Amino acid sequence: MSEHKDFLRVIVEEDLKENKYQEVITRFPPEPNGFPHIGHAKSICINFGIARDYNGFCNLRMDDTNPTTEDTKYVEALKDAVEWLGFEYKDEVKYTSDYFPKIYEYAVELIKMGKAYVDSITEEQMKEFRGTVTQAGKRSEFASRTIEENLDLFERMKNGEFKDGEHVLRAKIDMSASNMKMRDPLLYRIRHAHHFRTQNQWCIYPMYDFAHCLSDYIEGVTHSICTLEFENNRDIYDWVLNELNLTPPRPYQHEFARLGINYTVMSKRKLLELVNGNYVSGWDDPRMPTIAGLKRRGYTKDSIINFCDQIGIAKANSMVDVSQLEFCIRDDLNTKAPRVMCVLDPIKVTITNYEGSEDIEASYYPHDVPKEGSRKIPFSNVVYIEREDFSENPVKGYNRLTPNQAVRLRHAYIITCEEIIKDENGKIIEIKALYNPNSKSGNDTSGIKVKSAIQWVDANNCKKIEVRLYDRLYKNEAPEGLEDLNPNSLSIIKDALIEPAVITDKVDERFQFERQGYFYADPIDYSDEIPVFNKIVGLKDSWAK
Ligand code: ATP
Ligand code: MG
Ligand code: MG
């Protein structure tokens with residue numbers, strides 16, 4: 001547990017000290033209508049994290065009260081996300097729909113107490129009667145129905161005698177409450193739709209405000225943690241649980257600030273739009289802020305957990321800079337990823353004074369990474385270097401290979417440029433170079449000073465790979481919709497070249513391609529014929545303003 005205690009843990013500790021609860025029980029209650037995103041990761045870390053820290057447990061509950069948008073594929077994605085982040089939920093996944101019979105009974109109870117009624121006004125009237133912040137609402141004439149009438153109508157609603165929208169069940173609270181949500185909130189609505197779990201068993205569905213507090217209570221939840229936009233719903237939460245005179249203890253709702261990240265959208269509706277419109281390859285497209293997307297991109301679970309930890313738990317909404325997430329993965333991989341050499345845009349270098357071939361032993365890790373391991377890098381008289389690591393007419397300060405400036409081939413020798421060969425369009429197709437036999441890395445007696453070392457691969461032994469480079473999905477800091485998409489968020493390089501050990505030894509799935517960034521073998525498209533690597537993140541924050 002981090003040293004600084006967040007306000008939620010302070011509340012939990014106070015409750016435990018006062019013996020309000022025997023055990024801490026939290027829940028993560030997503031609606032299975034989309035893949036979970038990094039915002040959900042935040043909620044998962046909070047709910048499961050608090051349960052773990054206080055030896056309690058956390059339920060994974062599908063809040064499946066909206067039959068038209070929900071699906072089992074989303075349930076699977078939610079389970080995957082929780083498990084991948086390393087958390088365990090107690091027993092099986094729970095579903096609000098499992099409690100439909102019980103929730104129905106509670107509704108009947110409220111009716112019997114005269115605290116709920118069947119209303120039959122139109123939607124427009126309902127809006128009109130609600131009033132405004134400055135003006136009290138007025139109650140519908142149907143609020144004066146007798147308990148018997150209400151019981152009868154509610155049962156017939158359940159039995160499917162009415163069409164969608166014909167009646168609703170409302171709590172009888174206060175049409176002039178300053179909290180607008182308390183103006184006789186809806187408890188049930190009619191919806192003739194197929195539900196992915198209860199099929200056609202129900203045609204009335206409880207509203208969030210009624211189902212959520214009761215599901216929490218039924219599960220014995222103690223701390224019901226949600227995001228700030230539910231602040232005004234807390235009064236209903238308390239009202240329902242109090243009016244029903246339930247056996248204590250009962251849960252209480254606590255709100256924290258929703259995670260927002262710039263250059264990112266997190267509404268599932270907007271993410272679904274990207275998927276359905278084929279703007280991305282799917283929910284797990286490596287550019288998506290979904291857990292599945294981040295995972296496929298190459299993010300580690302530790303980097304995501306560290307990110308959620310670092311941003312903390314706040315009571316006021318704020319925007320987190322996406323570079324903070326990028327920092328977390330870079331920071332995590334810096335101490336884990338083997339360093340290898342890959343050339344994205346190759347240019348041929350023939351070393352005219354080198355004969356034969358050799359294998360150069362090179363460590364996978366720099367000195368400051370406490371990991372062991374090395375590989376053999378083949379070397380011969382033909383290598384490829386990065387096109388941008390040579391300049392015929394260098395700008396001032398250019399410190400790589402030029403006609404007048406030597407460079408070191410990383411782990412190998414120092415070379416100088418002898419001749420430039422161009423095609424008919426003037427494009428450089430080959431460089432003829434000389435190497436210095438006394439300049440071998442680690443054993444350099446040449447006395448030559450070079451300003452940099454560049455990556456290279458041996459022409460005879462390198463492997464061709466596909467590299468997918470990602471940029472931000474949105475070009476605007478506060479993206480709204482499709483018009484803000486970055487048209488250049490994906491570029492594919494089909495013929496990058498990599499040193500053979502990466503493919504043959506497979507020491508890891510994630511690598512640092514030296515001077516390029518961190519890369520991950522795409523878990524879906526990678527094959528022996530076409531090894532595919534995703535760029536996870538660059539080596540430094542190239543977006544720094
Ligand atoms: P969205 O509006 O992005 O589709 P949602 O709030 O409708 O998300 P749910 O599936 O209902 O998504 O959320 C499950 C849980 O995750 C809720 O407790 C919710 O508060 C939390 N959650 C969702 N988005 C975020 C976020 N951006 N930051 C923190 N918690 C979030
Ligand atoms: Mg929701
Ligand atoms: Mg939503």
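User: What do the buried residues of H8 pack against?

Analyst: They pack against H4, strand S5 (168-171), helix H7 (208-218), strand S8 (223-227) and S9, where a contact means heavy atoms within 4.5 Å. Helices (H or I, at least four residues) and strands (E, at least two) are DSSP runs numbered from the N terminus. The model is predicted: local features need pLDDT of at least 70 and side-chain atom pairs pLDDT 80 or more, while totals for chains, interfaces and linings use all residues. Residues are numbered from 1 along each chain as its sequence is written, chains are lettered from A and ligands numbered from 1 in the order written, and side-chain values use heavy atoms, with hydrogens and water left out.

User: What makes H8 mostly covered, and which of its residues are buried?

Analyst: Seven of the ten residues of H8 are buried, that is, under 20% relative accessible area (exposed is over 50%, partly exposed in between; 1.4 Å probe, protein chains only). They are Ile236, Tyr237, Asp238, Trp239, Val240, Leu241 and Glu243.

User: Why is arginine 234 called partly exposed, and what does glutamate 255 count as?

Analyst: Arginine 234 has 28% relative accessibility, which is between the two cut-offs, so it counts as partly exposed. Glutamate 255, at 9%, falls under the lower cut-off and therefore counts as buried.

User: How do you know that arginine 234 and glutamate 255 meet in a salt bridge?

Analyst: Their N to O distance is 2.7 Å, and the rule asks for a side-chain nitrogen of Lys or Arg within 4 Å of a carboxyl oxygen of Asp or Glu. The pair therefore qualifies. Arginine 234 lies in helix H8 and glutamate 255 in strand S9 (residues 252-256), so the bridge ties together parts 21 residues apart in sequence.

User: Which residue forms a salt bridge with lysine 115?

Analyst: Glutamate 243 does, with the closest N and O atoms 2.6 Å apart. Lysine 115 is in the loop between helix H4 (100-112) and strand S4 (116-119), glutamate 243 is in helix H8 (residues 234-243), and the two are 128 residues apart. Lysine 115 is partly exposed at 27%. The search of the whole structure finds 43 salt bridges.

User: Which residues are linked with Arg468 in a network of salt bridges?

Analyst: The network contains Asp284, Arg296, Glu466, Arg468, Lys494, Asp522 and Asp525. Within it, arginine 468 and glutamate 466 have their closest N and O atoms 2.9 Å apart, and both are buried.

User: Why is the aromatic pair of tyrosine 354 and tyrosine 413 called tilted?

Analyst: Rings of Phe, Tyr and Trp (its six-membered ring) pair if their centres lie within 6.5 Å; planes under 30 degrees apart count as stacked, over 60 as edge-to-face and the rest as tilted. Here the centres are 6.4 Å apart and the planes 55 degrees apart, so the pair is tilted. Tyrosine 354 lies in the loop between strand S14 (346-351) and strand S15 (357-363) and tyrosine 413 in the loop between strand S18 (407-409) and strand S19 (414-422), so the pair ties together parts 59 residues apart in sequence. Both tyrosines are buried.

User: What makes the pair of phenylalanine 511 and phenylalanine 533 edge-to-face?

Analyst: The angle between the planes is 70 degrees, over the cut-off for edge-to-face, and the centres are 6.4 Å apart. Phenylalanine 511 lies in strand S25 (residues 510-513) and phenylalanine 533 in strand S27 (residues 532-537), so this pair joins parts 22 residues apart in sequence. Phenylalanine 511 and phenylalanine 533 are buried.

User: How do you know that the charged end of lysine 90 sits over the ring of phenylalanine 57?

Analyst: The distance to the ring centre is 4.0 Å. The rule requires NZ of Lys or CZ of Arg within 6 Å of the centre and within 35 degrees of the ring normal. Lysine 20 likewise lies over the face of tyrosine 252, at 4.3 Å from the ring centre.

User: Why is asparagine 55 called exposed, and where is its place?

Analyst: Its relative accessibility is 68%, over the cut-off for exposed, so the label applies. Asparagine 55 is in the loop between helix H2 (38-53) and strand S2 (57-62). It has a positive phi of about 55 degrees although it is not a glycine.

User: What makes histidine 411 buried?

Analyst: Its relative accessible area is 15%, under the cut-off, so histidine 411 is buried. It also has a positive phi, of about 70 degrees, and sits in the loop between S18 and S19.
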